[in-house]
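Okay, thanks for having me, everyone. Let me put the structure up, and then we can walk through it together.

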Amino acid sequence: MKHGITIAFVNHKGGVGKTTSVHQIGASLVQKGFKVLLVDNDPQANLTFMNGWNEENETTIYDAIAEGNENLPVYEISENLFLTPSELDYASLELQLPTDPLGHFALRTILENQKKEYDFVLIDNPPTLGVFVSNALFAADKVVIITESSSLSAKGLQVVVDLIQKLKKGANKSLELLGLVLTKTSNYVVRRDTADWIREQYDVFETGIRQTVSLEEAAALQQNIFDYNPKSSGAEDYQNLTNELLKKLNIKPIKGKKKAVKK
Ligand SMILES: Nc1ncnc2c1ncn2[C@@H]1O[C@H](COP(=O)(O)OP(=O)(O)O)[C@@H](O)[C@H]1O
Ligand SMILES: [Mg+2]
């Protein structure tokens, strides 16, 4: 029996590390022995690219949602790691879905049974708070907000938190905000001050993801950070973040019970 926990990663700002986090947390969970499905819910298909998926003629999330299929198409990327790819055409549903009375629940309906085949379903999202994100938040059990530790990113956070609170009161009462993750942290005073401010205002994961070019290089080479540069701060941080995530969920790793790396 699998855990079947669905986690949406959101922020209406782009470039903050959502896709990177889904990719690396997914890889880390697989290393710990879990079966993971990554759902690319963004027409920009960055997560699809990062996982090295280049098949043009296979079905994607677009086909499944547009045609109201019973299941998402799922492809095995490596042992225990699965991907539902996206494609640019998916963008066309942004206007179409809201005209359907059940358009905000398409992903929830389709994932309801399928999620039980996996320990974790991680949903990457576009940088909006539109219909794709509401679909993800209705489908999800948990939500994580990814935010850069820059002052401009900090300003918009309340909008996302408010949306989640609103959904919790109505359409998805069991939705739980696991916390915010600070990415691209550094010792620049302005970043440190912003990070401190965000930590004072919100419930933030203790582990931040330090700024490192290794994560960008790994993405460009379509590799996860643990294969590309296991000694990098990116590998250390994402491993620690995944441990923290599991702890919050009260789930023990199945294998590779490595101690969290000390900073
Ligand atoms: N901790 C980090 N340090 C340095 N670069 C990062 C870090 N996290 C993400 N990036 C880079 O920042 C860019 C945006 O990240 P991405 O995950 O695509 O953001 P989003 O999905 O929120 O738009 C990418 O080029 C990515 O490689
Ligand atoms: Mg992205």
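One bit of vocabulary before anything else: I'll call a residue buried if 20 or more other C-beta atoms lie within 10 Å of its own, exposed if 12 or fewer, and partly exposed in between. And please keep in mind that this is a predicted model.

So let's try that out on K184. Buried or exposed? K184 has 21 C-beta neighbours inside 10 Å, so it counts as buried. You'll find K184 in the loop between β7 and α9, which covers 189-201. There's a backbone quirk there as well: K184 isn't a glycine, yet its phi is positive, about 55°. As background, most residues other than glycine have a negative phi.

Now compare N250. N250 has a positive phi too, about 65°, and again we're not looking at a glycine. But N250 has 6 C-beta neighbours inside 10 Å, so this one counts as exposed. N250 sits in the segment after α12.

For something in between, take D89. D89 is in the loop between β4, residues 81-84, and α4, residues 93-96. With 13 other C-beta atoms within 10 Å, D89 comes out as partly exposed. If you go looking for E67, it's 22 residues from D89 along the chain, and the two C-alpha atoms are 13 Å apart.

Right, on to the sheet. What's the strand order? Reading across, we get β3-β4-β2-β5-β1-β6-β7: seven strands, an open sheet, mixed pairing. At the edges are β3, at 75-78, and β7, at 176-183; each has a single partner strand, so one side of each is left without a neighbour in the sheet. From one strand to the next, the twist averages 25°.

Let's go strand by strand, starting from the β3 end. β3 and β4 run antiparallel, with three bridges between them. They make a hairpin with two residues in between, and N80 in that turn has a positive phi of about 75°. S78 is opposite L81 in β4. On its other side, β4 pairs with β2, residues 36-40, in parallel through four bridges, and there L81 is opposite V36. As for β4's own faces, L81 and L83 point to one side, F82 and T84 to the other, and all are buried.

Next up, β5. β2 joins β5 through five parallel bridges, with L37 partnered by V121. β1 also pairs with β5 in parallel over five bridges, and this time I7 is partnered by L122. How many of the five residues of β5 are buried? Five of the five, so β5 is largely enclosed by the rest of the structure. F120, L122 and D124 point one way, while V121 and I123 point the other.

What packs on this sheet? One answer is α1, which touches β1, β2, β4, β5, β6 and β7. The direction of α1 makes about 165° with that of β5. α1 has 14 residues and spans 20 Å from first C-alpha to last, close to the 20 Å expected at 1.5 Å a residue. It's mostly covered, with 13 of its 14 residues buried. Right after it comes G33, with a positive phi near 100°.

The other helix I want to show you is α12, residues 233-249. α12 has 17 residues and reaches 24 Å end to end, counting first C-alpha to last, which is close to the 24 Å expected. Its buried residues include G234, A235, Y238, L241 and L245. And what covers them? Among the elements doing that are α1, β7, α10 and α11. Just past the end of α12 we're back at N250, with that positive phi of about 65°.

Last stop, the ligand. Which residues are closest to ligand 1? There are 17 residues around it, and the closest are G17, K18, T19, T20 and E216. The elements giving two or more residues to that shell are α1, at 18-31, and α10, at 213-220. By character, the shell divides into five nonpolar, nine polar and three charged residues.

That's my tour, so over to you for questions.

How values were computed
Residues are numbered from 1 along each chain as its sequence is written. Chains are lettered from A and ligands numbered from 1 in the order in which they are written. This is a predicted model: local features need pLDDT of at least 70, side-chain atom pairs count only at pLDDT 80 or more; totals for chains, interfaces and linings use all residues. A residue is near a molecule or strand if its C-beta atom, placed from the backbone, lies within 6 Å of it. Ala, Val, Leu, Ile, Met, Phe, Trp, Tyr, Cys and Pro count as nonpolar, Asp, Glu, Lys and Arg as charged, and the others, Gly among them, as polar. Two strands pair if DSSP finds at least two bridges between them. Axes are lines fitted to C-alpha atoms, for helices over the stretch in contact, and angles run from 0 to 180 degrees between N-to-C directions. Two residues are in contact if their C-beta atoms, placed from the backbone, lie within 7 Å. The expected span of a helix is 1.5 Å times one less than its number of residues.
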